[in-house]
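Please open the model in a viewer and keep the sequence panel at hand. The tour below proceeds by selection, with a description of what is found at each stop.

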Amino acid sequence: MPGRGIPPAPDSPHHALAALLTRQLGAETEAARLLGYRRPLSETSVALGAVRLATSTDGSGPRPHVDAAAVEAYWQDVRLTSPPTEREALLVYGLIYQVHDDHRRNEVEPEQICNHVRQAGLAPILLRTAAPLTPAELLTARYARSHGHSAWRYCLVPMGDAQLVRAVHTDRAAPAEHVEAALTLAAGLPGTPEAVMSQLRVRSPSAVPPPRHRAQD
């Protein structure tokens, strides 16, 4: 799997894997639906169902319950199976990889997959994949724990834009990439104080320094 925070090139094997897994999952979940679940769900279908259940919230209510029974019920209720997105495919691959590694086995039970989602959450999996992050997700990955925002770890729900801009504004150690992300978010927030915007612009690596005048001979 790719290292944390190091996105592979677009033609890397990880993107090819995501595309392949997307096709496999799409065909598999459709076949499972048509068969009426006379067969047990595969690990990939269980993982995709668990990912979709966990991320089915905006963070305002209780965390969705994820267990083997809930995943099976989810697929039984699906009428039109939508193929997994590239991000979902990467999460499924990363989730199965991690659960196999945790249990030192090449095959795991559905409940073991679901238990990992409940206990460890999806954010650590996402951050080890090649999936690109939005500016809000990039910043939430840095500040969620210190702000008590557990919805990110378990459900991939980012913090609010205004809260993230304030977090970067007060974080003098924020890396340049995070300052740029905060500027992107602040540009869409009409209530952002100009003082905050000015400070972020000064800290931005794209800020143009004032011209230096040569001393007169």
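**Helix 11**

Select helix 11, residues 194–203 of this predicted model. Ala-195 and Val-202 are its exposed residues on the side opposite the buried ones. Next, colour Val-196, Met-197, Gln-199 and Leu-200, which are the buried residues of helix 11. When the view is turned to look down the axis of helix 11, these buried residues fall within an arc of 165°, so they line one face of the helix. An α-helix has 3.6 residues a turn, so residues three or four places apart point the same way. What lies over the buried residues of helix 11? The cover includes helix 9 (161–170) and helix 10 (176–187).

**The whole chain**

Now display the protein chain in full. How many helices and strands are there in the protein chain? The chain contains eleven helices and zero strands. Of its 217 residues, 42% are buried. Among contacts with a separation of 6 or more, 67% join residues 24 or more positions apart.

**Helix 7 against helix 10**

Keep helix 10 visible and add helix 7 (residues 135–143). Their axes come within 9 Å and cross at roughly 130°. Helix 7 and helix 10 are therefore oblique to each other, and the crossing is left-handed. To show the contact from the side of helix 7, select Pro-135, Ala-136, Leu-138, Leu-139 and Arg-142. From helix 10, select Glu-177, His-178, Ala-181, Ala-182, Thr-184 and Leu-185. By class, the residues of this contact of helix 7 with helix 10 are seven nonpolar, two polar and two charged.

**The loop between helix 8 and helix 9**

Retain Ala-136 and select Met-159; the C-alpha atoms of these two residues are 7.0 Å apart, with their positions 23 residues apart along the chain. Met-159 is placed in the loop between helix 8 (150–155) and helix 9. Is Met-159 buried or exposed? Its relative accessibility is 3%, under the 20% limit, so Met-159 counts as buried. Apart from neighbours within four places in sequence, Met-159 is in contact with Thr-140, Tyr-143, Ala-144, His-147, His-149 and Leu-164.

In the loop between helix 8 and helix 9, select Leu-156 as well. Leu-156 is not a glycine, but its phi is positive, near 60°. Most residues other than glycine have a negative phi. With a relative accessible area of 11%, Leu-156 is buried.

**From Val-157 to Ser-56**

Select Val-157 together with Ser-56: the pair is 101 residues apart along the chain, and their C-alpha atoms are separated by 9.6 Å. Ser-56 belongs to the loop between helix 2 and helix 3. At 52% relative accessibility, Ser-56 counts as exposed.

**Helix 2 against helix 3**

Show the helices on either side of that loop, helix 2 (residues 43–54) and helix 3 (residues 68–77). They pack at an angle of about 90°, and their axes are 9 Å apart. Helix 2 is thus roughly perpendicular to helix 3. Helix 2 contributes Ser-45, Val-46, Leu-48, Gly-49, Ala-50, Arg-52 and Leu-53 to the contact, while helix 3 contributes Ala-70, Val-71, Tyr-74 and Trp-75. The contact of helix 2 with helix 3 has eight nonpolar, two polar and one charged residues.

**Helix 5 and its ends**

Leave helix 2 and helix 3 on display, and select the buried residues of helix 5: Ile-113, Cys-114, His-116 and Val-117. They cover an arc of only 155° around the axis, which puts them on the same side of helix 5. What covers these residues includes helix 2, helix 3, helix 4, helix 6 (123–126) and helix 8.

Two backbone positions complete the tour. In the loop between helix 4 (86–103) and helix 5 (110–119), select Arg-104. Arg-104 has a positive phi of about 55° although it is not a glycine, and with a relative accessible area of 67% this residue is exposed. Finally, select Gly-121, just after helix 5, where phi is positive at about 85°.

Conventions
Residues are numbered from 1 along each chain as its sequence is written. This is a predicted model: local features need pLDDT of at least 70, side-chain atom pairs count only at pLDDT 80 or more; totals for chains, interfaces and linings use all residues. Side-chain values use heavy atoms; hydrogens and water are left out. Buried means under 20% relative accessible area, exposed over 50%, partly exposed in between (1.4 Å probe, protein chains only). Helices (H or I, at least four residues) and strands (E, at least two) are DSSP runs, numbered from the N terminus. The arc is that of the directions from the helix axis to the C-beta atoms. Contact means heavy atoms within 4.5 Å. Axes are lines fitted to C-alpha atoms, for helices over the stretch in contact, and angles run from 0 to 180 degrees between N-to-C directions. Angles under 35 degrees count as roughly parallel, over 145 as roughly antiparallel, 65 to 115 as roughly perpendicular and the rest as oblique. Ala, Val, Leu, Ile, Met, Phe, Trp, Tyr, Cys and Pro count as nonpolar, Asp, Glu, Lys and Arg as charged, and the others, Gly among them, as polar. A crossing is left-handed if the near helix is turned anticlockwise from the far one by less than a right angle, and right-handed if clockwise.
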